[in-house]
Amino acid sequence: MKPAEGELEIESEGGVVTVRGDLDMETVGQLTQALDEVSGTVVLVLDGLSFVDSSGLQGILNAQRAAQERGDELVLRRPSDALIRVLEMTDLRASFVIET
Amino acid sequence: MVRAAEQARIADPATSFRHEALLYGGQAEFLVAALAFIRSGQAAGEDVMVAVGREKIDLLRGRLGREADSVSFADMTDVGRNPATIIPLWSEFLERSAGNGRPCRGIGEPAWPERSEAALVECRNHEALVNVAFGAGPTWCLLCSFDEDSLDEHVIAGARATHPYLKNGSGPGPNVDYDPGFRGWLGSDDPLSPSPLSRQQMVFGASSLSDVRSAVTEYASAAGLARARVADFVLAVNELVGNSVRHGGGEGELRLWTEPDTVLGEVSDTGSITDPLAGRRRPAPEQAGGRGLWIANQVCDLVQIRSGPGATVVRVHMAR
């Protein structure tokens, strides 16, 4: 089930955070809020991320830094094509642990 | 016209960046000059990169034979299709060479007659910005070639205005037509062509990003852009809209229209971009924000910025 146009849907369970829909300036706050409540290594499941822009990317970067600051890691699991595209064009693909 | 004082400001060529223009008539003249330039560099142990069209690459490879192995070639019609991506191309080359502990030189040909008028204007802006990007930096030499036989006079005049050195028969000399005050689009009174009345137009604010994306998706699809290109176009416009919301006063206007071979999007707001190299520096991984224009430059065929106090317009072109 895809979220409605422009919306972001987050499911968080035991450090595995599934993100579906559009991650942009308007919705990135939801992701930040959801991740604030996660401790330990964070796995972001991202095959349902239909749209991500530089604001969304910054949200993911911030989440990675927050995890690393507390000695944990952030993993991108099955990043969508939209996310891979943005990661590659900003030279950030190599900065992340990516799981297929 | 460059007076004596300005001439003195063109710094000592032995210890700084040299931006030279080669105005040639015909492939043979280009070949002779380019080969001499390449071989000079190789003899001095320099890294050499050549970013020109396919035909010239093949000609040069043929002439250089085994010597071509140590030269990096890039197809300018591909890597430089959007002129705003050419400066980062050279920046990265410079960094790689410095990393190898070697000086370097390059040949680039960003302007060709088949380019659109708008793209040629941006080529000229790019050349002016090369001086801004590299003028105060490490020593290297960039030779830009222009075909005087096939390029319009105003393009050649633009080449003369943007290169501190001009290559001629007896070697490169200071160029009296160089205009050191020209910094591309920043502070220039060279407006964009007006958008047609047939355009689609909408205002936007912070809460309507997804509405904007839907409208752009619909428009671009109907205009015949392939699906992947629609996604890229939507991403670019979304970045510009996001910039307006974040930096340009919180709102703005989006216009969409088509030309025979192109879909265009233009975002206007009351903000002001003051960095002449905005969108032309590869974002650092640890950088907070500031990736929007870079992304637009990666995915679009042409990006044009015009900005002054209280008004910014960014126009993106996507070929159909």
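**Exercise 1. Determine how many disulfides occur over all chains, and examine B:Cys123 and B:Cys141.**

Step 1. With a disulfide taken as a pair of cysteine sulfur atoms within 2.5 Å, the count over all chains is zero.

Step 2. B:Cys123 takes part in no disulfide, and the nearest cysteine sulfur, that of B:Cys144, lies 10 Å away. For B:Cys141, likewise in no disulfide, the nearest cysteine sulfur is that of B:Cys144, at 9.1 Å.

Step 3. Residues are classed by relative accessible area: buried is under 20%, exposed is over 50%, and partly exposed is in between (1.4 Å probe, protein chains only). B:Cys123 has 4% relative accessibility and therefore counts as buried. B:Cys141, at 10%, also counts as buried.

A note on the basis of these exercises: the model is predicted, local features need pLDDT of at least 70, side-chain atom pairs count only at pLDDT 80 or more, and totals for chains, interfaces and linings use all residues. Residues are numbered from 1 along each chain as its sequence is written, chains are lettered from A and ligands numbered from 1 in the order in which they are written, and side-chain values use heavy atoms, with hydrogens and water left out.

**Exercise 2. Describe the interface of chain B and chain A.**

Step 1. Contact means heavy atoms within 4.5 Å; it takes 26 residues from chain B and 21 residues from chain A.

Step 2. Buried area is the accessible area (1.4 Å probe) that two parts lose on being put together, summed over both. For chain B and chain A this is about 1800 Å², of which 54% is on carbon and sulfur atoms.

Step 3. A salt bridge requires a side-chain nitrogen of Lys or Arg within 4 Å of a carboxyl oxygen of Asp or Glu. Four salt bridges are counted between chain B and chain A. A:Asp91 forms a salt bridge with B:Arg282, with the closest N and O atoms 3.0 Å apart.

Step 4. Helices (H or I, at least four residues) and strands (E, at least two) are DSSP runs, numbered from the N terminus. On the side of chain B that touches chain A, helix 8 (209–222), helix 9 (227–247) and helix 10 (292–299) of chain B each supply at least two residues. Helix 9 of chain B gives the largest share, seven residues.

**Exercise 3. Identify the buried residues of helix 3 of chain A and what covers them.**

Step 1. Helix 3 spans residues 81–89 of chain A, and its buried residues are A:Leu83, A:Ile84, A:Val86, A:Leu87 and A:Met89.

Step 2. Their cover includes strand 4 (49–52), helix 2 (54–69), strand 5 (74–77) and strand 6 (97–99) of chain A, together with helix 9 and helix 10 of chain B.

Step 3. Just after helix 3 of chain A, A:Asp91 takes a positive phi of about 65 degrees.

**Exercise 4. Locate B:Arg306 and describe its surroundings.**

Step 1. B:Arg306 belongs to strand 11 (residues 302–308) of chain B. With a relative accessible area of 11%, B:Arg306 is buried.

Step 2. Leaving aside neighbours within four places in sequence, the residues in contact with B:Arg306 include B:Val121, B:Glu122, B:Trp185 and B:Asp190.

Step 3. A polar atom of the side chain of B:Arg306 lies 2.7 Å from the backbone oxygen of B:Asp190.

Note on methods. A polar contact is a pair of N or O atoms within 3.5 Å; within protein, one must be able to donate a hydrogen and the other to accept it, and residues adjacent in sequence count only if both atoms are side-chain atoms.
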